[in-house]
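Here are a couple of exercises to work through with the model open. Try each task before reading its solution.

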Amino acid sequence: MSDSKPHDELETLRHSCAHLMAQAVQELFPETQVTIGPVIEDGFYYDFSRDQAFVPEDLEKIQARMKEIAAQDLKIVRHEISRAAAIKKFDDMGEKFKVEIIGAIDDDEPLSVYSQGDWSDLCRGPHVESTKQIKVFKLLHTSSAYWRGDERNPVLQRIYGTAWNTEKELRVYLKRLEEAKKRDHRKLGKELDLYSVSDEIGPGLILWHPKGARIRHLMEDFWKREHFKNGYEMVISPHAAKIDLWKTSGHTEFYKENMFPNMNIEGKEYVMKPMNCPFHIQIFKTKLRSYRDLPLRFAELGTVYRYERSGVLHGLLRVRGFTQDDAHLFCRPSQIEEEITRVLELIISILQSFGFFEYKIYLSTRPEKYVGAEESWDDATKALENSLRKKKLDFEVDPGEGVFYGPKIDIKIKDSLGRHWQVSTVQVDFNLPERFNISYIEEDGQRHQPIMLHRALMGSLERFFGCLIEHYAGAFPLWLAPVQVILLPITDKHADYANKLAQRLEASDIRTEKDLRNEKIGFKIREAQLQKIPYMIVLGDKEVDSQTLAVRKRRSKETRTLDFDSFLGELKSSIDSRRIDSES
RNA sequence: GCCAGCGUAGCUCAGGGGUAGAGCAACUGAUUCGUAAUCAGUAGGUCGGCGGUUCAAUUCCGCCCGCUGGCUCCA
């Protein structure tokens, strides 16, 4: 089986490698049935039907067998086969999943079988010519998956692997995996004392430790300043509301499976909020709005609670309570494009400030099931598209992938390891204005329904923080570093000078720590380095005598001797410009 | 939630049917030192929880909780 994308050479190799693996598995474990084995980013997987799961030792055996089969130089041959013959062939082999696959293929599409030695598989191809060409590969891990991704279907055993043209490419890839492991925000979160989750509190609920919270405050402060500058007003809403609000909004109908169950307060049902929008709408509704008031931009760092199945929780990236950097814009239809453009500008500017310069942007259009008039959808989609073009942002259209209430733009950031994370989103909403029956008075003196836009830039602060940790491998740029400077006196004779400097730095809003412990300087440097503190200041007799600082940066071993003012000047210029360079 | 694996000191991990061990961290003392680990000592654990098997369970079994890798979904 294969996906429908055109195959490049490496994909063909990987696909053939998946076949090679399937052959090895069936030779070693004859009771196993094959299903599908597509190419994925950086490798491939194959789903097998088998009662027992594969264990790591099995992977070694399978991999060894693959090497043997590859060495046999089996020619990989394609033949077309009639539908009836195909069904009979795979039915005889007891491959009931393959039979099912054939049943799902269009009648007019030719069926092909690829054989290598006595092993064959239904497959569209293409494949390499011989098993011998598959030299560089490694099986990575196993997991389970449902047949066709549906949990009502049988459970399959999946094996993931990777294949490359050269040993060197494989080594580079494995190195990248290792690097990603080192940068894992869960590992760094512990090592740098940024956050934790507690069994006693509950899974998916984050405790921000002082250093993590420090960064969060910096993120929030920056975010708020930028929003005030850009014509937003801050609102604050509670964490729970009566169930009726969510009935009106439609959440109990469309979002129920993601909501925390109701709680009963004096006989009334309340629910933790999974979104902020209904609250902002209530604020909009507290008075009669004129077209002169629009656009109205309500922003909130709003903490929401969503039920996520326990198995999907993941560090900071997938949690049950998180804070969205949310905003809802109410505008006239003619203002959509301008507003979207402004949102896009703000998104790009903020993401760049945090060090993300590459994006993948998706425009999702009307799905099959939708609310609102077709014409409004077309206009809004056009407005989104125009804004993207005006800002010269490359994007892909995801046809029919919009949410039922309106078209949207999603933005994924690319981190320093080339991984993509969904963060920003801008969505047009035709549903809530209708459900809550909101209106404003137009120039014509009549009530009109405003257009409502939802948008988030960082998405969730938790997730964004997780991305930041991994993007910087914990070595935050100076403006974000929880501790910016650490003072390291060589002996306790120099402690007074350190205290004095600390005071002066703190008075200038520099986040400063001092290490007055009775330890050798090498030890203090090592710890500061492991804590990824941007600036280490060594203070000994020389510095005290000359009233200077021996400055060592986290990324270089060189030290420079600076006076206080020029050191402070260097810090300030980096902080004020939110510099993201490898040096700071 | 489902499949698989894991859960031993604050952290990283070893061990294993006869009620536990290392390194780092913590604490105490000595050392006052110039750019990635100074030395010595002390203390620290109902071996995730609850049941079961057994003369005896941290070890074997069951259930529960949590974590990890996936499946599905999404900020």
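**Exercise 1.** This is a predicted model. Start at tyrosine 535: work out which residue stands opposite it in β28, then place β27 among its partner strands.

*Solution.*
1. Look across from tyrosine 535 and you land on lysine 553 in β28.
2. Now take the whole pairing: β27 and β28 (residues 548–553) are joined by four bridges and run antiparallel.
3. Strand β25 (residues 485–489) pairs with β27 too, this time parallel, through five bridges. Here leucine 488 has valine 538 as its bridge partner.
4. Check the cover: five of the five residues of β27 (residues 535–539) are buried.
5. Sort the side chains: Tyr535, Ile537 and Leu539 point one way, while Met536 and Val538 point the other way.

**Exercise 2.** Find out what surrounds glutamate 543, and decide whether its charge is paired or unpaired in a salt bridge.

*Solution.*
1. Locate glutamate 543: it sits in helix α17, which spans residues 541–546.
2. List its contacts, skipping neighbours within four places in sequence: Tyr497, Val538, Thr548, Leu549 and Ala550. Val538 is the residue we just met as the bridge partner of leucine 488.
3. Test for a salt bridge. The cut-off is 4 Å, and the nearest side chain of opposite charge, lysine 542, is 5.0 Å away. So glutamate 543 is buried with no salt bridge.
4. Look for a polar partner instead: a polar atom of the glutamate 543 side chain lies 2.8 Å from the backbone nitrogen of glycine 540.

Notes. Residues numbered from 1 in each chain as written. Chains lettered and ligands numbered in written order. Predicted model: local features only at pLDDT ≥ 70, side-chain atom pairs only at ≥ 80, totals over all residues. Heavy atoms only, no water. Helix = DSSP H or I, 4+ residues; strand = E, 2+ residues; numbered from the N terminus. Buried < 20%, exposed > 50% of the residue type's maximum accessible area, 1.4 Å probe, protein only. Lys, Arg positive; Asp, Glu negative; His and termini not counted. Polar contact = N/O pair within 3.5 Å; in protein donor to acceptor, adjacent residues only side chain to side chain. Contact = heavy atoms within 4.5 Å. Pairing = 2+ DSSP bridges.
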